[in-house]
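The exercises below are meant to be worked with the sequence and the 3D view side by side. Try each task before reading the solution that follows it.

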Amino acid sequence: MANIVLIGFMGSGKSTIGSALAQKMGRFLLDTDSLIQTTYNQHIPEIFAQYGEQKFRELESQAIAWLSANVSNAIIATGGGMPIFNDISTLGEIYYLQSDFETILARLDHQERSKRPLFGDQAQAKALYLERQNLYAKVAHHTINANNDIPEILTEILTRHNASKRF
Ligand code: S3P
């Protein structure tokens, strides 16, 4: 069975929803940021600082190739920039978790923001958010309202998944 792939901006709930969805569907969750961090034994801010964003995007590209070749029937939570810089169409059925910027700000406290080198200050983050929105929607097979509570988001994804003949 195809993977269910979650995309969206930083703080849109990909890991939280991914975990809940995996448990509900009896699948396992693979988080691409975690895969990169554990494989290279470095946190993302360190990878960015030491090797630069370009290198991180190359690692994401390797992760896409590996997951596409080796993983099925999983839930995959992607890093927020993954579908912006790489083609993820081989990964599976793609869901865009669309959150308002205000929701994102409320979800990410200071500590969570500091783990994300591209979040920067609020104005920078907002500009990136606006720049990326259409791209996420274009790449996704489904756009989900991720401002709702978790149970509602899960129901929406499962309803779409069960109705989808494509995967
Ligand atoms: C990034 C998002 C992060 C992480 C990296 C770059 C981005 O993942 O991959 O800091 O470009 O939006 P999350 O979306 O899980 O925060």
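**Exercise 1. Strand pairing**

In which sense do β1 and β4 pair, and over how many bridges?

*Solution.* Begin with the note that this is a predicted model, and then follow β1 alongside β4: the two strands pair in the parallel sense, and five bridges join them. To fix one point of this pairing, take V5, whose bridge partner in β4 is I94. Next turn to β3, which runs parallel to β1 and is joined to it by three bridges; here I4 stands opposite I75.

**Exercise 2. The cover of β1**

Determine how many residues of β1 are buried, and which residues lie on each of its faces.

*Solution.* Counting along the strand shows that five of its five residues are buried, so that β1 is mostly covered. Sorting these residues by side then places N3, V5 and I7 on one face, with I4 and L6 on the other, and both faces are covered.

**Exercise 3. The two sides of α1**

Find the buried residues of α1, and explain why they lie on the same side of the helix.

*Solution.* First locate the helix, which takes in residues 14-25 and reaches 16 Å from its first C-alpha to its last, close to the 16 Å expected at 1.5 Å a residue. Its buried residues are K14, I17, G18, L21 and A22. They are on the same side of α1 because they cover an arc of only 135 degrees around the axis. The general background is that an α-helix has 3.6 residues a turn, so residues three or four places apart point the same way. On the face turned away from the buried side, α1 carries the exposed residues Q23 and K24. The buried residues, for their part, pack against several elements, including β1, β4 and α9 (150-163). Just after the helix, G26 takes a positive phi of about 70 degrees.

**Exercise 4. The nonpolar cores**

Which residues have the most contacts inside the largest nonpolar core?

*Solution.* This core has 25 residues, and those with the most contacts inside it are V5, I7, F9, I88, L91 and F119. At least two residues of this core come from each of β1, α4, β4, α6 and α8, while the largest share, four residues, is supplied by α8. A second, separate core has 14 residues, among them I4, I144, A146 and I157. To finish, follow I7 outward: leaving aside residues up to four places away in sequence, I7 touches, among others, K14, I88, I94 and Y136.

Methods: Residues numbered from 1 in each chain as written. Predicted model: local features only at pLDDT ≥ 70, side-chain atom pairs only at ≥ 80, totals over all residues. Heavy atoms only, no water. Expected span 1.5 Å × (residues − 1). Buried < 20%, exposed > 50% of the residue type's maximum accessible area, 1.4 Å probe, protein only. Arc of directions from axis to C-beta. Contact = heavy atoms within 4.5 Å. Pairing = 2+ DSSP bridges. Core = buried A, V, L, I, M, F, W, Y, C linked by side-chain atoms within 4.5 Å.
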